[in-house]
Amino acid sequence: MSLDRSSALNIAQVLTEALPYIQRFTNKTIVVKFGGNAMIDEALQNSFARDVVLMKLVGMNPIVVHGGGPQIGQLLEKLNITSEFVDGMRVTDSATMDVVEMVLGASVNKHIVNLINHNGGQAIGITGKDGQLIRAKKMSVTRKTPDMKATEIIDIGHVGEVQSINTSVIEMLVNSDFIPVIAPIGVGNDGSAYNINADLVAGKIAEVVKAEKLMLLTNVSGLQNKSGSVLTGLSTQQVDALIEDGTIYGGMLPKIQCALDAVKGGVNSAHIVDGRVNHAVLLEIFTDAGVGTLITNNQNLT
């Protein structure tokens with residue numbers, strides 16, 4: 001099919017704009033947390049898969065970490081297992097952990113691998129238990145209210161936090177030209193499995209592999225100020241100030257804190273990306289405008 005002159009010029013302009021970014025990020029590692037609407041909408045799933053395949057083809061090293069909260073919730077409901085949440089975290093008893101492993105380690109992980117492979121890539125799915133990729137420890141949750149004499153320790157079961165990452169597993173896959181697709185399940189010293197927040201896993205992996213970028217796909221257009229405008233470029237100092245003055249709060253706070261910690265830990269930049277936009281990953285990497293909020297250590301951002 002032939003293109004008209006206007007369409008051809010538009011394609012040329014897009015490619016020209018992308019070229020310096022491709023040159024800059026060749027051989028760089030980019031960790032992408034795949035979640036939100038992008039995981040549920042079929043068109044967005046394929047858009048994401050093509051983005052990741054193209055990243056690999058032009059010389060980048062994408063690493064995908066995925067969530068699966070809604071899918072876990074759906075299966076628990078079908079099995080008549082009641083979910084309880086503490087501070088936004090699912091209380092995970094042994095029965096719930098079995099479901100988490102089935103959903104994250106099997107159905108969701110293999111579906112993403114198949115998507116990437118179907119779109120021309122070579123992906124391999126693993127969980128944090130494989131090769132002891134993610135060593136985890138039980139997350140301790142405490143609560144203190146004004147009417148309590150002492151802080152309450154709440155047991156939320158098999159919910160963990162990252163203790164360490166075995167980078168040799170990731171390096172083996174990346175160096176073999178495969179795209180790792182990682183389910184956020186960790187393993188404890190006693191062999192117990194732990195359900196870990198996917199944002200936290202993505203952030204920690206980005207830190208230890210010295211990634212160029214951490215990208216967190218979400219269901220919002222980016223971090224917004226108090227008047228609702230998207231903040232496109234922020235330094236870590238500006239983010240700290242926004243947390244301090246209450247602009248960043250609620251459900252967005254853990255995600256922003258994860259991005260902030262990654263950048264402070266050595267990742268060059270973190271991006272809160274609108275996963276509802278087709279080819280959001282490519283737009284954020286290869287265009288001047290992007291589709292989200294960029295956080296770096298650069299204090300000269302406006």
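# Close-up views of a predicted model

**View 1. Strand β1 and its partners in the sheet.** Val32 stands opposite Met215 in β13. The model shown here and in the other views is predicted. On the β2 side, the bridge partner of Val32 is Val64. Strand β1 covers residues 29–34 and runs parallel to β13 (residues 213–218), to which it is joined by 4 bridges. The pairing of β1 with β2 is also parallel, and 6 bridges connect these two strands. A further pair across β1 and β13 is formed by Lys33 and Leu216, which stand opposite each other.

**View 2. The two faces of β1.** In a regular strand the side chains alternate between the two faces of the sheet. From β1, Thr29, Val31 and Lys33 point one way, while Ile30, Val32 and Phe34 point the other way. Which of these residues are buried? All of them are buried. Because 6 of the 6 residues of β1 are buried, the strand is largely enclosed by the rest of the structure.

**View 3. The open sheet of 8 strands.** The strand order is β5-β10-β2-β1-β13-β15-β16-β14, and the pairing is mixed. The edges are formed by β5 (123–127) and β14 (233–235), each of which pairs on one side only. On average, neighbouring strands are turned by 20 degrees against each other, with direction ignored. Helix α7 packs on this sheet and touches β1, β2 (61–66), β10 (179–183) and β13. The direction of α7 makes about 175 degrees with that of β1. Helix α9 (residues 252–264) lies across β1, β13, β15 (269–274) and β16 (292–296). The angle between α9 and β13 is about 175 degrees.

**View 4. Asp199 and its surroundings.** Asp199 is in helix α7, which covers residues 198–208. Is Asp199 buried or exposed? Asp199 counts as buried because its relative accessibility is 8%, and buried means under 20%. Leaving aside neighbours within four places in sequence, Asp199 is in contact with Lys33, Leu216, Lys255 and Cys258. Two of these contacts, Lys33 and Leu216, stand opposite each other in the pairing with β13.

**View 5. The packing of helices α3 and α5.** Two packed helices are described by the angle between their axes and the distance between the axes. For α3 (residues 42–57) and α5, the angle is about 65 degrees and the axes are 8 Å apart. The crossing of these helices is right-handed. From α3, the contact is made by Gln45, Asn46, Ala49, Val52 and Val53, and from α5 by His111, Leu115 and Ile116. By type, the residues of this contact are 5 nonpolar, 3 polar and no charged.

**View 6. The nonpolar cores.** In soluble globular proteins, nonpolar side chains tend to be buried together. The largest nonpolar core here has 43 residues, and Ile116 and Ile285 have the most contacts inside it. Which helix gives the most to this core? Helix α5 (residues 94–118) does, with 10 residues. Ile285 touches Tyr21, Phe25, Ile30, Met55, Met60 and Met215, not counting residues up to four places away in sequence. A second core, separate from this one, has 41 residues, among them Ile205, Leu234, Ala259 and Val267.

How values were computed. Residues numbered from 1 in each chain as written. Predicted model: local features only at pLDDT ≥ 70, side-chain atom pairs only at ≥ 80, totals over all residues. Heavy atoms only, no water. Core = buried A, V, L, I, M, F, W, Y, C linked by side-chain atoms within 4.5 Å. Buried < 20%, exposed > 50% of the residue type's maximum accessible area, 1.4 Å probe, protein only. Contact = heavy atoms within 4.5 Å. Axes fitted to C-alpha atoms, helices over the stretch in contact; angles between N-to-C directions. Left-handed = near helix turned anticlockwise from the far one by under 90°. Nonpolar A, V, L, I, M, F, W, Y, C, P; charged D, E, K, R; others polar. Pairing = 2+ DSSP bridges.
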